[in-house]
Amino acid sequence: MQGSTQPDGTRAELYVRSLLPDGHTQQQAAVIDRLQGLSDADILSDITVQVIGRQIPSTPAEARTELGLFALNRVSVFQEWAKRNGCSLDPAFQVRSVNSEITGEQYRSIVFPIQLLAEYDGSKLRCVTPHTTDGETVTVTDRLTMLEGEEELALSSLERASAARPPAQSDLPAADTIDEDSDPPLPE
């Protein structure tokens with residue numbers, strides 16, 4: 001999904017969780033419609049919608065796919081932005097232990113929110129929503145209302161926060177080629 005072609009304008013990445021009941025799916029569609037309206041009004045120059053599963057493994061060694069590594073990278077960058085701004089990404093991201101029904105082993109996973117909005121100005125990460133600051137949680141709906149009213153942010157951008165978009169399924173490498181040496185910081 002793309003908006004206007006303004007160079008280095010403010011763009012948005014919306015992450016939506018897959019396989020949800022109808023009520024949530026309708027809510028996600030309403031958010032996408034509002035984002036498209038912001039694009040039509042030239043407030044956003046580009047919109048990307050990324051469908052993500054309910055949870056991702058918490059380490060690169062467990063992720064084993066480019067999409068999993070992409071998601072871990074994003075979580076790490078989002079956490080760095082939150083830390084810089086004195087915000088919390090709770091309850092957006094949660095780390096939990098999962099028992100594998102197949103192997104019987106236990107592993108840690110990061111649970112994604114039902115929807116998450118990341119805003120960029122060029123390669124600078126401007127805002128991640130939902131987030132909590134000063135005891136108040138800003139939801140995606142709250143943030144869209146702010147954008148529609150063209151309210152300025154009182155938050156610091158994170159420099160060079162972009163990551164490449166995930167590759168198409170046909171471009172994915174074999175699982176045994178993934179670098180397993182580094183762990184991203186987990187949400188606090």
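What pLDDT does the chain average, and what share of the residues score at least 70? The chain averages a pLDDT of 80, and 79% of the residues score at least 70. Here pLDDT is the predictor's confidence in each residue, from 0 to 100.

**Before you start**

This is a predicted model, in which local features need pLDDT of at least 70, side-chain atom pairs count only at pLDDT 80 or more, and totals for chains, interfaces and linings use all residues. Residues are numbered from 1 along each chain as its sequence is written, and side-chain values use heavy atoms, with hydrogens and water left out.

**Stop 1: the low-confidence stretches**

Select residues 1-7. Their pLDDT is below 50. Beyond near neighbours in sequence, this stretch has 20 contacts in the model (contact means heavy atoms within 4.5 Å). Now select residues 169-188. Here too the pLDDT is below 50, with 35 contacts beyond near neighbours in sequence.

**Stop 2: strand 1**

Select residues 10-17, which are strand 1. Helices (H or I, at least four residues) and strands (E, at least two) are DSSP runs, numbered from the N terminus. Eight of the eight residues of strand 1 are buried, so the strand is largely enclosed by the rest of the structure. Buried means under 20% relative accessible area, exposed over 50%, partly exposed in between (1.4 Å probe, protein chains only).

Show the side chains. Thr10, Ala12, Leu14 and Val16 point one way. Arg11, Glu13, Tyr15 and Arg17 point the other way. In a regular strand the side chains alternate between the two faces of the sheet.

Add strand 2 (residues 46-52): seven bridges join it to strand 1, running parallel. Two strands pair if DSSP finds at least two bridges between them. Add strand 6 (residues 115-121): seven bridges again, but antiparallel. Centre on Leu14. Its bridge partner in strand 2 is Val49, and in strand 6 it is Leu117.

**Stop 3: the open sheet**

Three strands form an open sheet in the order 3-5-4, with antiparallel pairing. Strand 3 (55-57) and strand 4 (94-99) are the edges, each pairing on one side only. Strand 3 meets strand 5 (residues 106-111) over three bridges. Find Pro57; its partner in strand 5 is Ser109.

**Stop 4: helix 3**

Select residues 66-84. Helix 3 packs on the sheet, touching strand 3 and strand 5. Its direction makes about 100 degrees with that of strand 3 (axes are lines fitted to C-alpha atoms, for helices over the stretch in contact, and angles run from 0 to 180 degrees between N-to-C directions). Its buried residues include Phe70, Leu72, Phe78 and Trp81. End on Gly86, which follows helix 3 and has a positive phi, near 65 degrees.
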